[in-house]
Structures are given as structure tokens and as C-alpha cells.
Amino acid sequence: MKMMRVWVLATGLTAIAGCHGTEKSPIVAAFQKAGGGDVSKSTPDGIAQFLAKHDDVRKQITPLCQQRKGSAPADWAATEEGKVCAGNTRANFFGKSTMKPDGVAF
């Protein structure tokens with residue numbers, strides 16, 4: 001009986017440790033709040049298409065991405081935040097020629 005309790009406790013702790021929630025970044029939160037959907041199932045190109053149609057979100061995200069890029073780890077581009085920022089960069093470059101990288105129009 002005691003062995004069963006230890007096993008149940010160990011299994012429960014393992015499950016809790018494996019399911020820890022990751023804190024959403026303000027970049028991902030702003031994208032999702034605007035209706036961008038599930039970033040994990042999106043591509044940077046799809047995100048760029050969405051952001052090209054939502055100037056207000058793109059303008060909000062641009063300075064956040066620039067700030068984050070400066071301290072991002074090497075694998076950041078593969079994260080949800082990195083994917084949103086990559087899509088945002090593409091939307092700024094291809095979609096809006098009058099938009100400077102800081103989000104302010106010329």
C-alpha cells in the first residue's frame with residue numbers, strides 16, 4: 001500500500017512538472033487577442049498575411065519585437081514569439097512600404 005502511494009505521488013508530480021504552463025509573451029498575447037489564432041499552428045508567412053491586414057496590431061508588436069530581438073536566445077525564431085515577430089517583420093517589409101521599422105509612418 002505504501003509503495004502504491006509513492007508511485008501515485010511520483011506519477012502526479014511528473015505529470016504536473018511536464019504540464020507546466022508557459023507564460024504568454026505580450027507579443028503573442030496581442031496577436032491572439034486581435035484574432036490571429038493559434039501561433040503554434042501558424043507559419044511566419046501566414047502571420048504576415050494576418051498582420052498586413054491589421055495595422056494597429058502590427059504597429060503595437062513592432063517595437064516589442066525589436067526590443068526582444070536584442071536579448072533573444074539562438075532558438076528564439078522557433079518559438080511562438082519568434083514566429084510572430086518574423087511574420088511582423090515580413091508584413092512591415094512587404095506589406096507597408098510607408099512604415100518604418102519603429103512602427104511610425106514616414
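A polar contact, as I will use the term, is a pair of N or O atoms within 3.5 Å, where, within protein, one must be able to donate a hydrogen and the other to accept it. With that in hand, please look at the structure above, and keep in mind that this is a predicted model.

Let me begin with Ser-40, which sits in the loop between helix H2 (26-33) and H3. The side chain of Ser-40 makes a polar contact of 2.7 Å with the side chain of Asp-38. Is Ser-40 buried or exposed? Neither word quite fits, because its relative accessibility is 44%, and that counts as partly exposed. If we set aside the neighbours within four places in sequence, Ser-40 is in contact with Glu-80 and Lys-83. Ala-78, which is 38 residues from Ser-40 in sequence, is 9.7 Å from it in space, C-alpha to C-alpha.

From that loop we move on to helix H3, residues 44-52, whose buried residues are Ile-47, Ala-48, Phe-50 and Leu-51. These four lie on the same side of H3, because they cover an arc of only 165° around the axis.

Finally, the disulfide. A disulfide is a covalent bond between the sulfur atoms of two cysteines. The count here is 1, and the bond joins Cys-65 to Cys-85, with 2.0 Å from S to S. Cys-65 belongs to helix H4 (residues 55-69) and Cys-85 to helix H5 (residues 80-95), so the pair ties together parts that are 20 residues apart in sequence. The link is left-handed, with -85° about the S-S bond. Cys-65 is buried, at a relative accessible area of 2%, and Cys-85 also counts as buried, at 1%.

Notes. Residues numbered from 1 in each chain as written. Predicted model: local features only at pLDDT ≥ 70, side-chain atom pairs only at ≥ 80, totals over all residues. Heavy atoms only, no water. Buried < 20%, exposed > 50% of the residue type's maximum accessible area, 1.4 Å probe, protein only. Helix = DSSP H or I, 4+ residues; strand = E, 2+ residues; numbered from the N terminus. Arc of directions from axis to C-beta. Disulfide = S-S within 2.5 Å. Contact = heavy atoms within 4.5 Å.
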